[in-house]
Amino acid sequence: MAETISSSENALSAPFPWQGAQWTQLSRAFAVKQLAHAYLLSGCEGLGKSLFADGFARYVLCMKPIVQGAIGGLADTAVACGSCNNCLKCGVGNHPDILTIEPGEGSKNIKIDQIRRLSEFVIRSSHSGGAKVVIIQDAHLLNANAANALLKTLEEPNDNTHVFLVSNHPGRLVATIRSRCQKLPFVVPGADIAASWLQTIIGEGNINSILEASDMRPLIALQLAEGGLLQDRAQFLQSICDVKAGKKSIQQVLSLVAKNGELEVLQHFSAFLSKLTKYSLTGIIDNEGDPELQSMYALLIPSKEKSIAQEVASSLALLYTEVETARRQLSSTTNPNPQLIMESILWQWSKLNLH
Ligand SMILES: [Zn+2]
């Protein structure tokens, strides 16, 4: 029988408040020995899918699961205890019954050698006598050979082994692999859930504007709050202003974009354009707390004339639509060319008449 603890003690292995439904679905299946051989955990970046997979793997192996209390409005949730032998091995990242596969350092692919290790892992017996779990992070980065090899493993499932594929771009996975997996989609949580979670982590602060800047993705919001991404965003916005002022070329901005990731950068750009549009029409600045952005707006749009302001606003709105389309393309099932898409957006931005 599971014992109850306070919600803070086991934060590492517990699902986030917006993952209650997914956790319940899997843990119920596990309780009646109906856990599927393969799951595809999908959804945009910043929802904690990888941590969910890791936490659930720990729960599956835990010898004495505990009840965490209600999560996301659902009934009591059982999670890994964090202190049994298996949990201690998981805690230091070397439980022999969990295999995590991800693109190697500096590599943009998951290669066939890594999937061969997976095939060996699947057929050998469990060290702890229970289930074995494989987690494939960024599964859309499996190269063609690796995908074929994985497919063979998925076609001959081992009763005792469960594979969790985690992906921000499930559409890029080959259809034959997708069809072998049960789908476990994750969605952006409601503002209330995201805000109250963020507040418990960072305390008081500009919670709403951080969430807005992160498109309501809680873990991106946390990164923003902790500063790393704020710096990247400031650097990118400064560089697009430099393009406008003729101080930087589009090529220079493209190399910065490649470093930070196109989707992330387009998200910043989209939020920036939406605020700039509002500013051009009303003169109101949304980021009162951000003096750098204020001076950017004023520099970019010096005119206060109403007729000009409306023209500027419609051009900005058009570009905003283009950026949103680009974001969809980049997350879509087709095989987009991020650099071409980015180049076209930056070119349109450089040609935009803001005066
Ligand atoms: Zn345990």
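A residue counts as buried if 20 or more other C-beta atoms lie within 10 Å of its own, and as exposed if 12 or fewer do. With that in mind, we can walk through this model, which is predicted, beginning with strand β1.

Strand β1 covers residues 38-42, and because 5 of its 5 residues are buried, the strand is largely enclosed by the rest of the structure. In a regular strand the side chains alternate between the two faces of the sheet. In β1 both faces are covered, since Ala38, Leu40 and Ser42 on one side and Tyr39 and Leu41 on the other are all buried.

What lies on either side of β1 in its sheet? The strand belongs to an open sheet of 5 strands, paired in parallel and arranged in the order β4-β5-β6-β1-β7. The edges of this sheet are formed by β4 (98-101) and β7 (182-185), each of which pairs on one side only. Direction ignored, neighbouring strands of the sheet are turned by 20 degrees against each other on average. Strand β6 (residues 161-167) runs parallel to β1 and is joined to it by 5 bridges, with Val163 of β6 serving as the bridge partner of Ala38. Strand β7 also runs parallel to β1, and these two strands are joined by 4 bridges. Towards the other edge, β4 and strand β5 (residues 132-136) pair in the parallel sense over 4 bridges, and here Ile98 has Val133 in β5 as its bridge partner.

One residue of the edge strand β7 deserves a closer look, namely Lys183. Is Lys183 buried or exposed? Lys183 is exposed, because 11 other C-beta atoms lie within 10 Å, and the limit for an exposed residue is 12 or fewer. Lys183 stands opposite Leu40 of β1, and, when residues up to four places away in sequence are not counted, Lys183 touches Leu40 and Ser42. Lys183 and Tyr39 are 144 residues apart in sequence, yet their C-alpha atoms are 5.9 Å apart in space.

From the sheet we can turn to the nonpolar cores. In soluble globular proteins, nonpolar side chains tend to be buried together. The largest nonpolar core here has 47 residues, and the members that touch the most others are Leu41, Val134, Ile136, Phe164 and Leu165. Helix α2 (residues 49-61) gives the most to this core, with 7 residues. Leaving aside neighbours within four places in sequence, the contacts of Leu41 include Phe52 and Ala53, as well as Phe164, Leu165 and Leu184. There is also a second, separate core of 35 residues, among them Leu224, Phe269, Leu300 and Val323.

Definitions and conventions. Residues are numbered from 1 along each chain as its sequence is written. This is a predicted model: local features need pLDDT of at least 70, side-chain atom pairs count only at pLDDT 80 or more; totals for chains, interfaces and linings use all residues. A nonpolar core is a set of buried Ala, Val, Leu, Ile, Met, Phe, Trp, Tyr and Cys residues joined through C-beta atoms within 7 Å. Two residues are in contact if their C-beta atoms, placed from the backbone, lie within 7 Å. Two strands pair if DSSP finds at least two bridges between them. Axes are lines fitted to C-alpha atoms, for helices over the stretch in contact, and angles run from 0 to 180 degrees between N-to-C directions.
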